[in-house]
Amino acid sequence: MFASAFLAATLVPFASEVTLAATLAAGGNLLWLVAVATLGNTLGSAVNWGLGRFIMRFRARPWFPVDAGRIERAQAWFRRFGVWTLLLAWAPIIGEPLTVIAGAMRVGIVPFLILVATGKGLRYIVIALAAAETLAR
């Protein structure tokens with residue numbers, strides 16, 4: 001569960017929700033699985049934060065994967081909506097880039113981890129409860 005959740009939070013496409021539901025179906029403990037998934041997913045997001053924090057020094061290089069315009073738009077969006085958007089780090093499509101931009105914007109690691117873990121933990125609770133409800137039928 002940890003590896004699945006960790007990979008799902010990085011830029012590697014992976015679906016930890018399926019692993020969570022399958023592990024619950026196999027008799028896994030709901031609270032333990034939610035805790036492990038939240039920890040793994042949060043630490044995966046911390047990798048993205050680190051990438052954002054340290055890779056920006058290379059943005060002028062021709063091989064840099066994101067053009068300056070996209071970086072500026074993402075940073076403007078983050079400045080506009082603030083660190084509270086990190087509660088949405090669980091969201092598909094925007095979650096991973098959001099955590100990278102948080103690193104680039106020099107968000108402190110402690111508030112980053114608190115906000116990301118809160119959002120991801122709540123998401124895993126909802127998923128686990130829905131899976132448990134479905135399995136109970």
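**Entry 1: threonine 99**

I began with threonine 99, which touches Ser45, Asn48, Trp49, Ala89, Phe112 and Val116, when residues up to four places away in sequence are not counted. I note here that the model I am reading is a predicted one. I then looked up where threonine 99 sits, and found its place in helix 5, which spans residues 95–104. Is threonine 99 buried or exposed? Its relative accessible area is 1%, so I entered threonine 99 as buried, the cut-off being under 20%. I also followed the side chain of threonine 99, and it reaches the backbone oxygen of glutamate 96 at 2.7 Å.

**Entry 2: threonine 42**

Next I turned to threonine 42, which is found in helix 3. I looked up its accessibility; at 6% relative accessibility, threonine 42 counts as buried. Which residues does threonine 42 touch, not counting those up to four places away in sequence? I listed Leu113, Val116, Ala117 and Lys120. I marked Val116 in my notes, since that residue is on the list for threonine 42 and also on the list for threonine 99.

**Entry 3: helix 2 and helix 3**

I then examined a pair of helices. Two packed helices are described by the angle between their axes and the distance between the axes. For helix 2 (residues 16–25) and helix 3 (residues 30–55), I recorded axes that come within 10 Å and cross at roughly 160 degrees. Angles over 145 degrees count as roughly antiparallel, and therefore I described helix 2 as roughly antiparallel to helix 3. I entered the crossing of helix 2 and helix 3 as right-handed.

Which residues make the contact? From helix 2 I wrote down Ser16, Leu20, Thr23 and Leu24, and from helix 3 Leu30, Leu33 and Asn41. I sorted the residues of this contact by character and obtained four nonpolar, three polar and no charged.

**Entry 4: the whole chain**

Finally I stepped back to the chain. How many helices and strands does its secondary structure come to? I recorded six helices and zero strands. Read from the N terminus on, the elements run α-α-α-α-α-α. I noted that the C-alpha atoms fill a box of roughly 55 × 30 × 20 Å, taken along the principal axes. Buried residues make up 39% of the 137 residues in the chain; threonine 99 and threonine 42 are among them. I closed with the contacts that have a separation of 6 or more: residues 24 or more positions apart account for 72% of these in the chain.

Key:
Residues numbered from 1 in each chain as written. Predicted model: local features only at pLDDT ≥ 70, side-chain atom pairs only at ≥ 80, totals over all residues. Heavy atoms only, no water. Axes fitted to C-alpha atoms, helices over the stretch in contact; angles between N-to-C directions. Helix = DSSP H or I, 4+ residues; strand = E, 2+ residues; numbered from the N terminus. Parallel < 35°, antiparallel > 145°, perpendicular 65-115°, else oblique. Left-handed = near helix turned anticlockwise from the far one by under 90°. Contact = heavy atoms within 4.5 Å. Nonpolar A, V, L, I, M, F, W, Y, C, P; charged D, E, K, R; others polar. Buried < 20%, exposed > 50% of the residue type's maximum accessible area, 1.4 Å probe, protein only. Polar contact = N/O pair within 3.5 Å; in protein donor to acceptor, adjacent residues only side chain to side chain.
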